[in-house]
Amino acid sequence: MTIDIHYKPLPRDFYGQPTLKLAQSLLGALLVSMTPDGSASGYIVETEAYIGPHDRAAHSYNNRRTKRTEMMFHRAGKVYTFVMHTHCLVNVVSGKLEQPEAVLIRAVEPYAGIDLMCNRRKMPFGKNLTNGPGKLTKALGITMEQYGHDFSHPPLFLAEGIQPGKIFSGPRIGIGNSGEAKEYPWRYWIANNPFVSK
């Protein structure tokens, strides 16, 4: 697949940032998904950082290495997808090699291919189209098939986007059984963006 001339993929060294910094730097970046039925993209407006092995909310807590978490131990910039409650969620692998960390892409603001996204979600355009990690993957056609792919090139890649403006941070969502980790302010979002999940 060739990259649309309007998209400029982020350089490989972009992913070498410390995980908390990367989670913020991803805000405003364009998530692009190219599939056989068309292409769609959206600006990332919300992320969550997971820093294993000491983060009880991370899949890799205590260096847990399984078939599912294996990709978290690879180099930064890889795609880590997993299924939760029948929904596929997408993460950017971060941290150094063999240090399992990742950033969950939690919400995007639709940019291109909006009709395709609406068709996939079977709903009209609005903030509920992509304001959640399972919603955005369905809208963009992201599946477990992308597990282990590299975000630096198609069919699923990250490109230069917009300056996010003011960024807020707070506790992550849906991790109530993770002890003190549930209070870590490792969720980041663009202030006043209607597509933020909460």
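In this predicted model, the largest pocket is lined by 28 residues. Sitting nearest its centre are Tyr50, Phe82, Met84, Leu89 and Gly174. As for volume, the largest pocket comes out at about 540 Å³. Its lining is a mixed bag chemically: 14 of the residues are nonpolar, nine are polar and five are charged. Several elements chip in, with at least two lining residues each from strand 2, strand 3 (79-84), strand 4 (87-94), strand 5 and helix 3.

Two of those contributors, strand 5 and helix 3, turn up again around helix 2, which spans residues 114-121. The buried residues of helix 2 are Leu116, Met117, Cys118, Arg120 and Arg121, so two arginines are on that list along with the leucine, the methionine and the cysteine. What covers these buried positions includes strand 1 (30-35), strand 2 (38-51), strand 5 (101-112) and helix 3 (133-140). Strand 2, then, helps to cover helix 2 and also supplies residues to the pocket lining. Just after helix 2 comes Lys122, and its phi is positive, near 55°.

Further along the chain, Pro154 lies in the loop between helix 3 and strand 6 (156-159). Although it is a loop residue, Pro154 counts as buried because its relative accessible area is 13%, and the cut-off for buried is under 20%. Pro154 also pairs up with a residue from a distant part of the sequence: Thr35 is 119 residues away along the chain, yet the two C-alpha atoms are 9.5 Å apart in space. Thr35 itself falls within the span of strand 1 (30-35), one of the elements covering the buried residues of helix 2.

Key: Residues are numbered from 1 along each chain as its sequence is written. This is a predicted model: local features need pLDDT of at least 70, side-chain atom pairs count only at pLDDT 80 or more; totals for chains, interfaces and linings use all residues. Side-chain values use heavy atoms; hydrogens and water are left out. Buried means under 20% relative accessible area, exposed over 50%, partly exposed in between (1.4 Å probe, protein chains only). Helices (H or I, at least four residues) and strands (E, at least two) are DSSP runs, numbered from the N terminus. Contact means heavy atoms within 4.5 Å. On a 1 Å grid over the protein atoms alone, a cavity is a set of points where a 1.4 Å probe fits but cannot get out, and a pocket is an open set with protein on both sides within 12 Å along at least five of seven lines; lining residues have an atom within 4 Å of a point. Grid points are joined across faces, edges and corners, and a volume is the space filled by probe spheres set on the points. Ala, Val, Leu, Ile, Met, Phe, Trp, Tyr, Cys and Pro count as nonpolar, Asp, Glu, Lys and Arg as charged, and the others, Gly among them, as polar.
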